[in-house]
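Please look over the sequence and the model below. The report after it takes up a few features in turn, beginning with a loop.

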Amino acid sequence: MQFNFIPNDLPLPIPTGGLEAVDVVLTVLLVVAWLVHILFINVLLGASTGSVYFNKRGARENNPVFDRVAYLLTTPVTICENMGALWGVAPLLLISVMFTPLFYAAAIMNSPQWLHIIYGNIAAFLLSYLYKYTWHKLEHRKSLHLAIGTAAVALFLTLPLVFMATVQLYMTPTTWTLNTHFWDALFRADTFFRLVHFYLASFAVTGLFMMIYGTAKRKSDDEVTRQAGDVLVNTGKSWFLLPTVLNLFAGPLVLFHFPSYGIENFFNAGWYWLIILGVVSILGAAYLTIKDFFNPDLSKGKLWSIVGLAFITVLSMATLRHGMRLSLTSEAMAQSKAQSDDFVARSKAASEEAKNAQKAAAVATLSPAEVALEKNGCLACHSADQKLVGPAYKDVAQKGYSDEQIVALIYAPKPENWPDFIPMPPQPQLPKEDAAIIAKWINGLK
Amino acid sequence: MFDFPIFSMPLFGHRFIFAFDAIVHVFVSHAAVGGSIVLAFAQYFAIKNNDKKFDELTYKVLFTLFILATAVGALTGIGIWVHVNIINPAAIGALLRVFFWKWFVEWIVFNVEMILLLMFFLTWKSKPIGTPAKAGHFKLVVGYAVASWLTMAIITAILGFQMTPGNWLASEFPAKPDYVASLMNPSWIPSLGFRTFFAILWASAGAMVLTWFFTKDDAETRQKGIRFFGKFLYASVIPLLVFGYWYYLQFPQAAKDLFSVGAVTRRFAVDPQLAVQITLGLVALAVVSSAYLFFRPTKAPMLAAIGLLVASGTLIGEFERVREFVRKPYIIYGYMYANGIRVQDMPLINKEGYLKQAVFLPDELRKITPENKVKVGEQLYLFECRYCHTVNGINSVKTRVKGWDEATIYHRIGQLNSPATPYMPPFAGTDEERAALAAYLVTLNADSKH
């Protein structure tokens, strides 16, 4: 595989101390941190949508239980937005270090939209806090309250667009051109199906979360909260089931839209076993849920069996995701490293050559005035006999100033003396002794 | 060297969008670190005196802090990364590789900080003052304060490293960092002390102002709150100055020389007194307004509260700006220029040319011809100059070369790093490339010449 545009790798070692074991640690950290991050984000998206949904139903049907469900869901939103952002940092850190050339290139191609993950997020956070902390104040202005909540949810839902475009782009350097940009990446079939898969999974995971959360709330001392717990458990079941079934179709579409060389590497390395494991255990979880779909008392044992099976799926998905990442990027990373090594070797040679040349060069004999001109930056704009940014010193000499006048003009230039030039900035940094030497030297050029 | 696709920000320029995020982050994160310390003391005071009203006031300050720290502070902190990521990937990439494990530790501490903050904040209402549960609750804020200070300690090491990396480069080819030396760089400890007290000062100023707003009809709590936070403000001044001076001593001489240029605009190089006068004016405003609040808490007008916030905020902004500016022309002192070119790679780029190293470059621009010269020059401008200049917005290069002919520009480009403009990195490339850049720059003013 030859890639047209692969940046060099950084000429600094990846901080593993050269140990294979540390490399493995980094990979495990990447997979685990990524998984935790995604679970928080899943629940964030699902719970914030659920809160607005039940808030609206509660208002329409004048049902305090739905209102309570909606309010209860704001606590996981607060926790998940904060912990989700925080746990996003670790994978970002690891990816940036391990896949520097590919990841940075993709982020830049997706800019300025890439910055949406900061500014869009800040706006969404603030709106979600506003939604939560005006709950009682805006009790009688529901439409305004719902509008705030909806805006927050809508913003949260846009963030995965940017992430997914970048993630998909860095893993597929074969698709890069000189003009690849965010919208190209976003409207590709592979990005599209991954987004579908991700959003569906968010609701499925939130369904599981609602089952757990509802079971806990059923034990509350408060009657309304207990009923809200029932609603959460029941809603959780259907939120888990429906997207899960749909994802059985979306999943293969995601897989087969990757570039074929990546799929080949993926199968050759045996990663597909994880797919089988994941599908089997999610089918088990779905089966258990269906069996107890109409049973209002989901026992603890059954609940944790469902969650446990689903977790096996999530874990295998997270791991095979890494498998696909390696399958797609290892050749590009190898090319990057080779380019980089070549660059460093050439740079080393050139650097040594330059050092030797410097030693060999005879020390030029400059007059004290020339040294002063060089040292004080005058030569950036002047030369002795050539008009540059400023007039040639030869021409200044023609003006017939006294030495003192020249010194004064250096500290306080009079641009009107040279109408064809831009004004010279005053040169306060110039020491008085140097100014005198320079002035004398200029007048010597006549 | 590496070459990425180019993101260029028209009119505002890179530095501006970065500075926007960074300055917001500085304000909020210092308020959060200082605030966590001050709030821990405030809680202690409230619990000790079983003072319900003061406890309520603390909660209101905490609420503000929570919203700001989590929604704005944490995200703009990640934002600094994300911005540099697209603006100067070479620099952030290098910093990440040298500081990876320190950053990782910082992330773990950050987790502790966030979890304690969430627990402290979300369970406040269920652990009211006067109950035994409050004592356990108090431990959360102590842990939170310690953790948030530790995150600052680690980040400060990285900032210190950029300015005073010390002897961190164990070998040049291939580059090998000395991880311990990079952490223990000369300005770490002094700048940490400086930032700690400036965080306390800034948070106390903020808490005084918030107290003013939250106690409109409770003169007694207002007086108590403002005096309480005011003591922290005044107590941090002396250590702030001592650490500040020690920190200043660590700066390289070339950076010290740029101080007056860094303070707001280059015009101050002409009149260094002006920068000093403005700074002293701000200090005076901070002193007068804080004293007004402190000694006349019930009478002090809103203007005093706002004056205190504006004066101390501007001083912080000025400090950060100067710190960023005087590091020029480097982004990592002595190792990497602001435009991502490593100092040690200059001989190669000057010998073989920049174009030869570039990856994201159309093939027709790889060889300079009379026809494509201007286009190549534009690319070179994007490669090397867009970090600090825009074409016709902030620090516009068009204005900088106005009235110069091509030969003049060509000459000037050869001297970018001269003592007249020591904050610019030297041009990197062959003579032919330098001529192409000049050919492009002269076209910028072609229309307005006559």
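B:N395 is found in the loop between helix 16 (373–384) and helix 17 (397–400) of chain B. Its backbone deserves a look. Phi of B:N395 is near 45°, which is a positive value in a residue other than glycine. Keep in mind that this is a predicted model.

A second asparagine belongs beside it. B:N50 lies in the loop that links helix 1 and helix 2 of chain B. Here, too, phi is positive in a residue other than glycine, with a value near 45°.

**Cis peptide bonds in chain B**

Two peptide bonds of chain B can be set side by side. The table gives the residues, the omega angle and the place of the proline.

| Bond | Omega | Place of the proline |
|---|---|---|
| B:F173 to B:P174, cis | about -10° | B:P174: loop between strand 1 (169–171) and strand 2 (176–177) of chain B |
| B:K328 to B:P329, cis | near 5° | B:P329: loop between helix 13 (302–326) and strand 3 (330–332) of chain B |

In each row the second residue is a proline: B:P174 follows B:F173, and B:P329 follows B:K328.

**Where the chains meet**

Now turn to the interface. How many residues does each chain bring to the contact? Chain B brings 78 residues, and chain A brings 77 residues. Together the two chains bury about 6900 Å² between them. Carbon and sulfur atoms give 75% of that area. Three residues stand out on the chain B side. B:L75, B:R97 and B:W107 supply 12% of the area that chain B buries against chain A, more than any other three residues.

Charged and polar pairs also cross the interface. The rule finds 4 salt bridges between chain B and chain A. In one salt bridge, the side chain of B:K351 meets that of A:E353, at 3.5 Å from N to O. The count of residue pairs in polar contact between the chains is 13, with both residues at pLDDT 80 or more.

Which helix of chain B gives the most residues to the side that touches chain A? Several helices supply at least two residues each, among them helix 1 (13–48), helix 2 (52–87), helix 3 (89–122) and helix 14 (346–352). Helix 3 of chain B gives the most, with 20 residues. By type, the residues on this side of chain B divide into 53 nonpolar, 13 polar and 12 charged.

**A nonpolar patch on chain A**

Chain A has a nonpolar surface patch of about 420 Å². A:V245, A:L248, A:F249, A:V279 and A:L283 make this patch. Two helices of chain A, helix 9 (223–256) and helix 11 (272–291), each supply at least two of its residues. Helix 9 of chain A gives the most to the patch, with 3 residues. A:F249 is found in that helix, helix 9 of chain A.

**One leucine and its contacts**

Last, look at A:L155. This leucine lies in helix 6 (residues 142–171) of chain A. What does A:L155 touch, leaving aside its neighbours within four places in sequence? A:L155 is in contact with A:H116, A:G120, A:A123, A:A124 and A:L127. Compare sequence and space for another residue, A:N121. A:L155 and A:N121 are 34 residues apart in sequence, yet their C-alpha atoms are 7.4 Å apart in space.

Technical notes:
Residues numbered from 1 in each chain as written. Chains lettered and ligands numbered in written order. Predicted model: local features only at pLDDT ≥ 70, side-chain atom pairs only at ≥ 80, totals over all residues. Heavy atoms only, no water. Contact = heavy atoms within 4.5 Å. Buried area = accessible area lost by both parts, 1.4 Å probe. Polar contact = N/O pair within 3.5 Å; in protein donor to acceptor, adjacent residues only side chain to side chain. Helix = DSSP H or I, 4+ residues; strand = E, 2+ residues; numbered from the N terminus. Nonpolar A, V, L, I, M, F, W, Y, C, P; charged D, E, K, R; others polar. Patch = residues over 30% accessible without salt bridge, like charges linked within 9 Å, V, L, I, M, F, W, Y side chains within 5 Å. Areas by Shrake-Rupley, 256 points an atom, 1.4 Å probe, with all protein chains shown as cover.
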